[in-house]
Amino acid sequence: MNARPKRRLMHSLRFRFFVSVALAAAVFVGVMIALNLLFFHTFYLHQKKNSLVSAYNTINEQYNGDISILEDNLKQMENTNNIRISILDNRGIYLYDTIFTHDRSTAFLESMLQKPFGETLYVYDSRELERRGYTFSTLNDGDGTTAYIALIGILNTGDLTLLRVPTAALRENQSVNFVFLMISGLVALLACLIAGFFIGGHFTRPVIQMTEVANSVARLDFSKKYTGTDSDELGELGHSINQMSDYLAAAIRDMREINGQLQKEIEEKQRIDDMRREFIINVSHDLKTPIALIQGYAEGLRVGISESEEAKNEYCDIIVDEAARMNHLVHQLLDLSRLELGNIVPDKTEFDAYELAEAVVGKTQVMWQEKQLHIDLSGVGAQVLYADYDMLERALLNYMTNAIDHTPAGGRIALSTSEDTRHIVLHVRNQGDRLAPEEMDKIWDKFYKLDKSRTRVSGGGSGIGLSIVRAILTAHAGGCGVRNTEDGVEFFASLPKPE
């Protein structure tokens, strides 16, 4: 799923949140209006009756027959609770009245039953009055609507009290309250809609950001992170996504490293397989020529292709030479294999570097004198080497014969030594052609030859000498290498210093 449908989904989630808040607000306002219409009247009457009962109890507790001590409290109750108060003695004579000022000698029954207030009439329950001490009644207008809610009560002194509250305020309050409730409900609904819009954005914004991070992870792009700072469930989810992204990035990075190592191992295995095939081809090629020569000259001798003793001796010499060449190659291969497998352990002793160089020059004297080469030993110091003398001499002989083969007639070969804090280095430097950069690593491989000709006439080497040098130095925990100089090539071999 691409980013656009996901984004539309997030906006849809925000819209649903907004609609949910709007519906909740609308239900709340609707319930408030319904409660106002259905129960406000009853609730208002209940509250007013409670206020009448409270006023009656206060008057009944404080009244002792003397109106003067109650008059201030009665006026306060009238002003505070909008209650109209009348007190009559047991003969029906008015002792106190909020509004009416007619003759106080009017009988109670006249005031209560004979319409003392025009065309109005109180209706009450006399039995409840006798049982509880007070009862409720209503005072109706001429049109039949309730004008007052009244409490008729008998006081402790035997006097009567008439407490009444006008209901006109109820009708007016109910109408005003309904209009106000409608307006406030609409304002509250609008406020809830605005708040729902912004709150929805606040809650869906982290979800949108987490979706973008998840989409990036799906594309293996781990650069995006959740940046919210909330500590609630959404914040924990965002941080969990960040951790998942980090874990996946680390896992994929490790997998790529492992794949890279596997690829290198596969390439190395392929290289070894190629070297093995090339090794077999090279060995077969190097052995094929001497075997063919030996076979040919041996058959010639058997059939008597030459009668002269001199020719027979020449044939025999060729057979011996080729057999010796084969034997030398086989021995080289065996020695190289044993060195690489670690079957030959160096027998280390201490000896002088100059003596080793002088011995190598002496053993190759015929070769370098034949080409009229100049050998320089002035750079060889008196360092003490700790190694297997025969193995190191063989390595240095390979360097020396290689230098003689590639130095032009009349050229110069210099042997020298150097050292650092940990190693002593032997150098063999010759004049001649420089090596191409791509060949500096290949010359250490088995059967690799700069001169690709492998004929007997060319006199080329077997291509194993430098491989044996590397194996010898590796067995001594040393190293070997080659570098180009201004006028030729320099081979070197490093050995650890004696401890």
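**Close-ups of a predicted model**

**View 1. Leu88, tucked away in strand β1.** Leu88 counts as buried, because its relative accessibility is just 1%, under the 20% cut-off. This is a predicted model, like everything in the views that follow. Leu88 sits in strand β1. Look across to Leu162: the two residues are 74 apart along the chain, yet their C-alpha atoms are separated by 8.2 Å.

**View 2. Ser86, another residue of strand β1.** Strand β1 runs over residues 84-88, and Ser86 is part of it. Is Ser86 buried or exposed? With 1% relative accessibility, Ser86 counts as buried. And what is Ser86 in contact with, once its neighbours within four places in sequence are left aside? The list takes in Tyr94, Tyr96 and Asp97, and then Leu160, Thr161, Leu162 and Arg164. Leu162 may ring a bell: its C-alpha atom is the one separated by 8.2 Å from that of Leu88.

**View 3. The cavity and the residues around it.** Rolling a probe the size of a water molecule over the atoms shows where empty space is left. Searching the whole structure turns up one cavity of 30 Å³ or more. The largest cavity holds about 60 Å³ of space. Three elements each give two or more residues to its lining: α8 (353-363), β10 (412-419) and β11 (423-431). Walking along the chain, you meet the lining residues Ala353, Leu356, Ala357, Val380 and Leu396, followed by Leu415, Ser416, Thr417, Leu426, His427 and Val428. What classes of residue make up this lining? Eight are nonpolar and three are polar, with no charged residues in the mix.

**View 4. Gln372, a loop residue with positive phi.** Gln372 isn't a glycine, but its phi is positive, near 55°. Where does Gln372 lie? Its place is in the loop that links α9 (365-370) to β8 (374-379). The side of the story told by accessibility is simple: Gln372 has a relative accessible area of 60%, so it counts as exposed, the cut-off being over 50%.

**View 5. Ala477, a positive phi in another loop.** Here the residue is an alanine, and phi of Ala477 is about 60°, again positive without a glycine. Ala477 falls in the loop between α11 (465-475) and β12 (479-484). Ala477 is exposed too, because its relative accessible area is 57%.

**View 6. Cysteines without disulfides.** A disulfide is a covalent bond between the sulfur atoms of two cysteines. How many disulfides does the model have? The count is zero, going by the requirement that a pair of cysteine sulfur atoms lie within 2.5 Å. Two cysteines worth a look are Cys316 and Cys480. Cys316 has a relative accessible area of 36%, so it is partly exposed. Cys480, at 24% relative accessibility, also counts as partly exposed.

**View 7. Stepping back to the whole chain.** To place the close-ups, here is the full protein chain, with its eleven helices and 13 strands. Of its 499 residues, 36% count as buried, with Ser86 and Leu88 as examples. Taking contacts between residues at least 6 apart in sequence, 62% join residues at least 24 apart. The accessible surface of the chain comes to about 29500 Å², and carbon and sulfur atoms account for 56% of that.

Note on methods: Residues numbered from 1 in each chain as written. Predicted model: local features only at pLDDT ≥ 70, side-chain atom pairs only at ≥ 80, totals over all residues. Heavy atoms only, no water. 1 Å grid on protein atoms, 1.4 Å probe; cavity = no way out; pocket = protein on both sides within 12 Å on 5 of 7 lines; lining within 4 Å. Points joined across faces, edges and corners; volume = space filled by probe spheres on them. Helix = DSSP H or I, 4+ residues; strand = E, 2+ residues; numbered from the N terminus. Nonpolar A, V, L, I, M, F, W, Y, C, P; charged D, E, K, R; others polar. Buried < 20%, exposed > 50% of the residue type's maximum accessible area, 1.4 Å probe, protein only. Contact = heavy atoms within 4.5 Å. Areas by Shrake-Rupley, 256 points an atom, 1.4 Å probe, with all protein chains shown as cover.
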